[in-house]
Each structure stands twice: as structure tokens, then as C-alpha cells.
Amino acid sequence: MVEIQGVEGVYERLFLASGTKDVEIVMSDGSLWAHSIILSANSEAIDGMLKHGSASKEKKLHWDEHPMSVGRFVLRLMYTGTVDSSDWEKMDKDAESSNCSNNKGEEIPLELVLAGLAITKTYMIPHLLASFAKALEARLSTDTFNDICKCAVKYDVTSLRLSCLAAARGQNSKDPATLVTVTGCGVPEFNGEYVPDGEKNGKTRYKINNGSNKTINLWRTSWYLSEDYAGSCYEKQAEDSSSCVPPRGLWTVAKKGVPPAPTISTSAAATVNTLYIENKLAPEVMSELASLFGTPEPQKKRRRTL
């Protein structure tokens, strides 16, 4: 069979062909347009709405819980099966301006994937729904658990709900992970929180939790603070050769380091169970986890005095 090249380009041109689009999609901050044949081919639910339902006369869909960036993102997937970072550039800039961005370049913002899951579940687009559920499952962590589980419960995405429960159960069955904090380092880029990053020779390695290449690992009899587990910027003799946790206290400057030497502290990393016990999760997530962790103790109210 002869393989046909360039099909993706055809669908991309169709996605951009505004003049022939016949369905208006109302978003929270404006409207987008799409071809009814593409929408119908992706979703039997939308096909029914356009032929016999509320949208049959005015050819209009309402996705007005979501902004236009979400609409473009989902529509591009419907047309081409691909994503383009230009669809969420404004979201990245807004997050950066408010100093709350953890997004790493080409990574799709979590809120965009959650919104995609919501739309594809509501309008029954099974192939995209499965992809969104799988992507969110891969991004489950203590930091993202509340948002992902809340969305899975709200839209009753069974596979993702089960994945959330499995992640919480698996996390609860392990010893609490250690969070390593580096402060006072002569090279400021080394300062920050480090989380476990797998093992080597049976010992836990750590990587800074901001996406950069700063690392901590044990080599022979000493722990090293370095880049990509290579070289030596700061070091300290291992106090216990069997420990998987870096020694606390003041380290020393090594070959590639710059004074002053950093101070290392450690603590138990938060887990989903910790957040549950402290009532820091959304009500629907708390309810979802009750069968796993039991009923949480009510928070004690502080008594007011005159």
C-alpha cells in the first residue's frame, strides 16, 4: 500500500479555514467557529444536537464555562489530533505575571487538560476523553491530586477516579518521602526544595523541584550537591552509610562551588493522606477518599474571647 504524505497539513488548513465554518461556539470570553461536519464526526452527541436538538436552528454550542484558549485547544485536537503551544501562550504569560507559573515550556498547562476532559466528557468525545484521562493520570502527584480528583468526580470519569484512588492508596502504603531543603548557598540557583528522583546503587537521588538540573546524590562515602549528578559543587561526608537521606547541617565548598557553603535540612514530604487529615482537599475529594482513609476528625474551632 502507498503511504500518503502531508495529510496533517490538510487538516490544519481545514482548521484555519474560517470562511466555511458554520457552527458558532460561545466561550466565556468570546466566540469560536467550527465546521459542523468535523464536530459531528467527533461526537455523536454534538451530531444529534446539530440535527435534532437545541442547536439545530441557530447552529450554536455553548462552552461558556471555558475561555477561548480552551476552545482552540480542544478544536485543534478534533481537527488534527495535535496540539500547538501557541494556543496557551497567553495562559503562560498571565501565570508568569502573577508569579504562579510552574509550567515548563512546551508542557500543556494542567488547567487546559482539565477543561479538555470536562468538554469531552460532557459532549461524549470518547477518543479524546480517553487521551485526557491518561494524560491526567500521568500527572498525578501530591500537588495536582486535589484538582485532578475534583474534576474526575465532578464529571464522573470512572477510569480517572480509580487512578486517583490507586495513587492515594499506593502513596499511603509507602514510607513518607523526604523533602530536602537547601538554603544559604553561594550559588543561588542551588537553593530550593529537592524531591526524590529515583535510585542509583540502592540510594535515593534528589532533584530540585523547579525543573532545573541541580541534584543531590551519594557517591562512595560522601553526598554531593551538583548538576545532573556529575561533578562536585558542595559536599559532606555521609554520617550513616545505610541512610538514603542527605546529612543535615552545614556542608563544605567543593571543587566547583562558590562560598558560602549551603545548609541542608530535611522533612517528610506532604502526602495525599496528610492533606486529607488536615482537611485541605475539596469536599468532593474528601468524600471520595473517605472509604480509603476513614472519616477525618473534625477541625477544632478556636474559642473566641472577649
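The protein contains 11 helices and 12 strands. The model is a predicted one. Of its 306 residues, 41% count as buried. The exposed surface amounts to about 18,100 Å², of which carbon and sulfur atoms supply 52%. Among the contacts with a separation of 6 or more, 47% are made by residues 24 or more positions apart.

The strands may be considered next. Nine strands appear in an open sheet with antiparallel pairing, in the order S10-S12-S4-S5-S6-S7-S8-S9-S11. At its edges stand strand S10 (249–250) and strand S11 (252–253), each of which pairs on one side only. Within this sheet, strand S8 (residues 222–227) and strand S9 (residues 230–237) run antiparallel and are joined by 5 bridges. One bridge links Glu227 to its partner Ala230 in S9.

Ser222 offers a detailed view of strand S8, in which it is found. Its relative accessibility is 9%. Because buried means under 20% relative accessible area, Ser222 counts as buried. The side chain of Ser222 makes a polar contact with the side chain of Gln237, at 3.4 Å. Leaving aside neighbours within four places in sequence, Ser222 is in contact with Asn217, Lys236, Gln237 and Ala238.

The nonpolar interior is the next topic. In soluble globular proteins, nonpolar side chains tend to be buried together. The largest nonpolar core in this model has 59 residues. Those with the most contacts inside this core are Leu39, Trp63, Leu75, Met78, Leu117, Phe145 and Leu289. Another core, of 17 residues, lies apart from it and includes Val180, Val182, Leu225 and Cys233. As for Leu289, its contacts beyond four places in sequence are with Phe145, Leu165, Ala168, Val272, Tyr276, Leu281 and Gly294.

A residue from a helix completes the account. Gly71 lies in helix H4, which spans residues 68–80. Gly71 has a relative accessible area of 0% and is therefore buried. When neighbours within four places in sequence are set aside, Gly71 is in contact with Met27, Leu32 and Trp63. Of these partners, Trp63 is also among the residues with the most contacts inside the largest nonpolar core. Gly71 and Val26 are 45 residues apart in sequence, while their C-alpha atoms are 9.1 Å apart in space.

Note on methods: Residues numbered from 1 in each chain as written. Predicted model: local features only at pLDDT ≥ 70, side-chain atom pairs only at ≥ 80, totals over all residues. Heavy atoms only, no water. Helix = DSSP H or I, 4+ residues; strand = E, 2+ residues; numbered from the N terminus. Buried < 20%, exposed > 50% of the residue type's maximum accessible area, 1.4 Å probe, protein only. Contact = heavy atoms within 4.5 Å. Areas by Shrake-Rupley, 256 points an atom, 1.4 Å probe, with all protein chains shown as cover. Pairing = 2+ DSSP bridges. Core = buried A, V, L, I, M, F, W, Y, C linked by side-chain atoms within 4.5 Å. Polar contact = N/O pair within 3.5 Å; in protein donor to acceptor, adjacent residues only side chain to side chain.
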